[in-house]
Amino acid sequence: MEPGGIYAKNVQLDRELSQRLHGALTCGREELFQVVADPAPEVIRAALRNPALDENHLLVLLGRRDLGEDLVAAIGRHDAVAESHKLKAALVRNPATPAQLVMALLPHLYLFELVDLCLLAGVTPDQRVAAERAVIQRLSTTPLGNKITLARRATASILDALLKEGDMRVVESCLTNPRLKEGSVFQLVSSSRATGDVIAAVARHQCWSNRPNLKAAMLKNPNTPTSLFSTLLASASTMEVRNLAASGRLGAERKRLASQELKRRGC
């Protein structure tokens, strides 16, 4: 292409961009929905100064995944964000939102919006940890029904916190969550705070009932129901039974049962 042709093309492009910028600044509400789909960051920045721009336009913008961090930060400074919960939530979900802004917005999110953020693909480790902490901080004031629902969806860290509360109804929901780790269940059945009902719930759950480490922990916990203790004792190794018979943690009745089991085995 001749130099003059390149110049003419550049002039035409500049004119087109100028027209789009002018339109972004001055167009009406309906036209703005087309403007917020424009690929040029300059046009989007111009649209942010348009008085007709409202929550709906900004939600469309934040649904885009091709915006740069600076542009998303500019959206976050728009006056409409301060009054809109939807916009705060949309900002947190956008992968280009600066980490500092995400952290500032977390306290404004609802409980299950925080949970969704924990599970969102592309969320940074720091953002996930911050969201988990925000959820855990709210547990003391969270209604039981919400805790039960939360237990089915939560991440491993939140499940740990729910298990420590020890509510039987919440524990049963936690046990069905595929994100629950054996180490968390081990801590639960080893704890002096675990009730007999909670330990029994673990023992009868299909995912956890046959884990050797959990069986051993339940045998050592004085809160394990006697009937369950006897059942677990019958399948324990002879070394485990010997240790139980000599345990200072178990009461006389449990130690007697362990001694009887050793005699039954001829030991």
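Let's start with disulfides: how many does a search of the whole structure find? The search comes back with zero disulfides, and please keep in mind that this is a predicted model. Take Cys 118 as an example. Its sulfur has its closest cysteine sulfur in Cys 174, and at 14 Å that is too far for a bond, given that a disulfide needs the two sulfurs within 2.5 Å. Cys 118 is also buried, with a relative accessible area of 2%. Cys 27 is another buried cysteine, this one with a relative accessible area of 15%.

On to charges. Side chains of opposite charge can pair when their charged atoms come close. How many salt bridges does the search of the whole structure find? Twelve salt bridges turn up, and I'd like to walk you through some of them.

Here is one pair: Asp 116 and Arg 153 meet through their side chains in a salt bridge, at 2.5 Å from N to O. These two come from distant parts of the chain, 37 residues apart, with Asp 116 in helix H9, residues 111–119, and Arg 153 in helix H11, residues 144–153. If you colour by accessibility, Asp 116 shows up as partly exposed at 39%, and Arg 153 is partly exposed with a relative accessible area of 30%.

Helix H11 gives us another pair. Lys 147 forms a salt bridge with Glu 165, and their closest N and O atoms are 2.9 Å apart. Because Lys 147 lies in helix H11 and Glu 165 in helix H12, residues 156–165, this pair ties together parts that are 18 residues apart in sequence. So is Lys 147 buried or exposed? At 11% relative accessibility, Lys 147 counts as buried, while its partner Glu 165 is partly exposed with a relative accessible area of 37%.

Then there is Arg 169, which forms a salt bridge with Asp 167, with 3.1 Å between the closest N and O atoms. Arg 169 is partly exposed, with a relative accessible area of 48%, and Asp 167 is partly exposed too, with a value of 23%. And if you like networks, have a look at Arg 29, Glu 30 and Asp 54, which salt bridges link together.

Let me turn to two helices, beginning with H5, residues 69–76. Six of its eight residues are buried, so H5 is largely enclosed by the rest of the structure. Which residues of H5 are buried? They are Leu 71, Val 72, Ala 73, Ala 74, Ile 75 and Gly 76. And what covers them? The cover includes helix H3 (41–47), helix H4 (55–62), helix H6 (79–83), helix H7 (85–93) and helix H8 (99–105).

H7 has its own set of buried residues: Leu 87, Lys 88, Ala 89, Ala 90, Leu 91 and Val 92. Yes, there is a lysine in that list, Lys 88. The elements covering the buried part of H7 include H4, H5, H6, H8 and H9. So H5 is among the covers of H7, and H7 is among the covers of H5. At the start of H7, a side-chain oxygen of Ser 84 reaches to within 3.4 Å of the backbone nitrogen of Lys 86.

Now further along the chain, to Glu 182 in helix H14, residues 182–190. Glu 182 counts as partly exposed at 25% relative accessibility. Which residues does Glu 182 contact, leaving aside neighbours within four places in sequence? The answer is Trp 208, Arg 211, Asn 213 and Leu 214. With Arg 211 there is a polar contact between the side chains, at 2.8 Å. For a sense of scale, the C-alpha atoms of Glu 182 and Ala 47 are separated by 52 Å, and those residues are 135 apart along the chain.

My last stop is Thr 224, in the loop between helix H16 (212–220) and helix H17 (226–235). Thr 224 counts as buried, at 0% relative accessibility. Not counting residues up to four places away in sequence, Thr 224 touches Ile 199, Met 218, Phe 229 and Arg 254. Two of those residues also meet each other: the charged end of Arg 254 sits over the ring of Phe 229, 4.9 Å from its centre. As for aromatic pairs, a search of the whole structure finds zero.

Thanks, everyone, and I'm happy to take questions.

Methods: Residues numbered from 1 in each chain as written. Predicted model: local features only at pLDDT ≥ 70, side-chain atom pairs only at ≥ 80, totals over all residues. Heavy atoms only, no water. Helix = DSSP H or I, 4+ residues; strand = E, 2+ residues; numbered from the N terminus. Buried < 20%, exposed > 50% of the residue type's maximum accessible area, 1.4 Å probe, protein only. Contact = heavy atoms within 4.5 Å. Polar contact = N/O pair within 3.5 Å; in protein donor to acceptor, adjacent residues only side chain to side chain. Phe/Tyr/Trp six-rings, centres within 6.5 Å; stacked < 30°, edge-to-face > 60°. Lys NZ or Arg CZ within 6 Å of the ring centre and 35° of its normal. Salt bridge = Lys/Arg side-chain N within 4 Å of Asp/Glu carboxyl O.
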